[in-house]
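Welcome! Take a moment to look over the sequence and the 3D structure, and then use the notes below as a guided walk through them.

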Amino acid sequence: DLNKDENHSKMIEQIIKQINGDHDTGKIRNAIVLHSSLDVLKRCKSFLGDDAPILKQGFRKCTLPPSNMEVTLFLPEWSDNVHPSQQNDGEMDPWLNLVSEEQFLELISGR
């Protein structure tokens, strides 16, 4: 649903902007956005700036001023509503990262 996707991306944008605007100098913030809709993630690219993401620790990340917060967009491989063609699109898009459940659990657990 187009309206639902737009609402989800706007909600994500507001959360990211709030975190980024509430910055302390010296603190590095990382935001992980995991969503099972390729369309929602593609819409998120619009507020991540014009600079291409950098490859860091095996993932493509965007750095936002003024706090240098890193934002990483993930499309989960394990989601039931992620079709293999969407996985291919997600893999080819330089702003997105395709992630397995195991990789994601390792990432959030700090291993």
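What follows is a short tour of the core, the aromatic rings, the salt bridges and two single residues. Please keep in mind that this is a predicted model. The largest nonpolar core has 20 residues, while the counts for pairs come to 3 aromatic pairs and 5 salt bridges.

**The nonpolar core**

- A good place to begin is the largest nonpolar core, where Ile12, Ile16, Val33, Leu48, Val71 and Leu73 touch the most other members.
- Several parts of the chain build this core: H1, S1, H2, strand S3 (59-64), S4 and S5 each supply at least two of its residues.
- Here is some background that may help: in soluble globular proteins, nonpolar side chains tend to be buried together.
- Try picking out Val71 in the viewer: leaving out residues up to four places away in sequence, Val71 touches Ile16, Ala31, Val33, Leu48, Lys61, Cys62 and Leu64.

**Aromatic rings**

- The model has 3 aromatic pairs. In one of them, Phe74 and Phe104 meet edge-to-face, with 6.1 Å from centre to centre and 75 degrees between the planes.
- This pair links distant parts of the chain, since Phe74 sits in strand S4 (residues 69-76) and Phe104 in helix H4 (residues 101-109), 30 residues apart.
- Are these two rings buried or exposed? Phe74 counts as buried because its relative accessibility is 1%, and Phe104, at 13%, counts as buried too.
- Phe104 also pairs with Trp78: the ring centres are 6.2 Å apart and the planes stand at 40 degrees, so this pair is tilted.
- Again distant parts of the chain are linked, with Trp78 in the loop between S4 and helix H3 (84-92) and Phe104 in helix H4, 26 residues apart.
- Trp78 has a relative accessible area of 35%, so Trp78 is partly exposed.
- If you would like to see the wider group, highlight Phe59, Phe74, Trp78 and Phe104, which form one aromatic cluster.

**Salt bridges**

- The count comes to 5 salt bridges, and three of them are described here, starting with Lys17 and Glu13, whose closest N and O atoms are 2.8 Å apart.
- Lys17 and Glu13 both belong to helix H1 and are 4 residues apart, about one turn of the helix. Lys17 is partly exposed, at 46% relative accessibility.
- A salt bridge also joins Asp93 and Lys45, with 2.8 Å between the closest N and O atoms.
- Which parts of the chain does the pair of Asp93 and Lys45 tie together? Asp93 is in the loop between H3 and strand S5 (96-99) and Lys45 is in the loop between H2 and strand S2 (54-56), so the pair ties together parts that are 48 residues apart in sequence.
- Asp93 is buried, with a relative accessible area of 6%, whereas Lys45 is partly exposed at 22%.
- Glu70 and Lys56 meet through their side chains in a salt bridge of 2.5 Å, N to O. The pair links distant parts of the chain, Glu70 being in strand S4 and Lys56 in strand S2, 14 residues apart.
- Glu70 counts as buried at 8% relative accessibility, while Lys56 counts as partly exposed at 34%.
- Lys56 and Glu70 are also part of a network of salt bridges, in which they are linked with Lys61.

**Two residues to find yourself**

- Ser37 is placed in the loop between strand S1 (30-34) and helix H2 (38-44).
- Is Ser37 buried or exposed? Buried means under 20% relative accessible area, and Ser37, with 13% relative accessibility, therefore counts as buried.
- Which residues does Ser37 contact, leaving aside its neighbours within four places in sequence? Ser37 is in contact with Asp5 and Leu75.
- Met11 lies in helix H1 (residues 2-21), and its relative accessibility of 47% makes Met11 partly exposed.
- From Met11, look across to Asp39: the two residues are 28 residues apart along the chain, and their C-alpha atoms are separated by 14 Å.

Technical notes: Residues are numbered from 1 along each chain as its sequence is written. This is a predicted model: local features need pLDDT of at least 70, side-chain atom pairs count only at pLDDT 80 or more; totals for chains, interfaces and linings use all residues. Side-chain values use heavy atoms; hydrogens and water are left out. Buried means under 20% relative accessible area, exposed over 50%, partly exposed in between (1.4 Å probe, protein chains only). Contact means heavy atoms within 4.5 Å. Rings of Phe, Tyr and Trp (its six-membered ring) pair if their centres lie within 6.5 Å; planes under 30 degrees apart count as stacked, over 60 as edge-to-face and the rest as tilted. A salt bridge is a side-chain nitrogen of Lys or Arg within 4 Å of a carboxyl oxygen of Asp or Glu. A nonpolar core is a set of buried Ala, Val, Leu, Ile, Met, Phe, Trp, Tyr and Cys residues joined through side-chain atoms within 4.5 Å.
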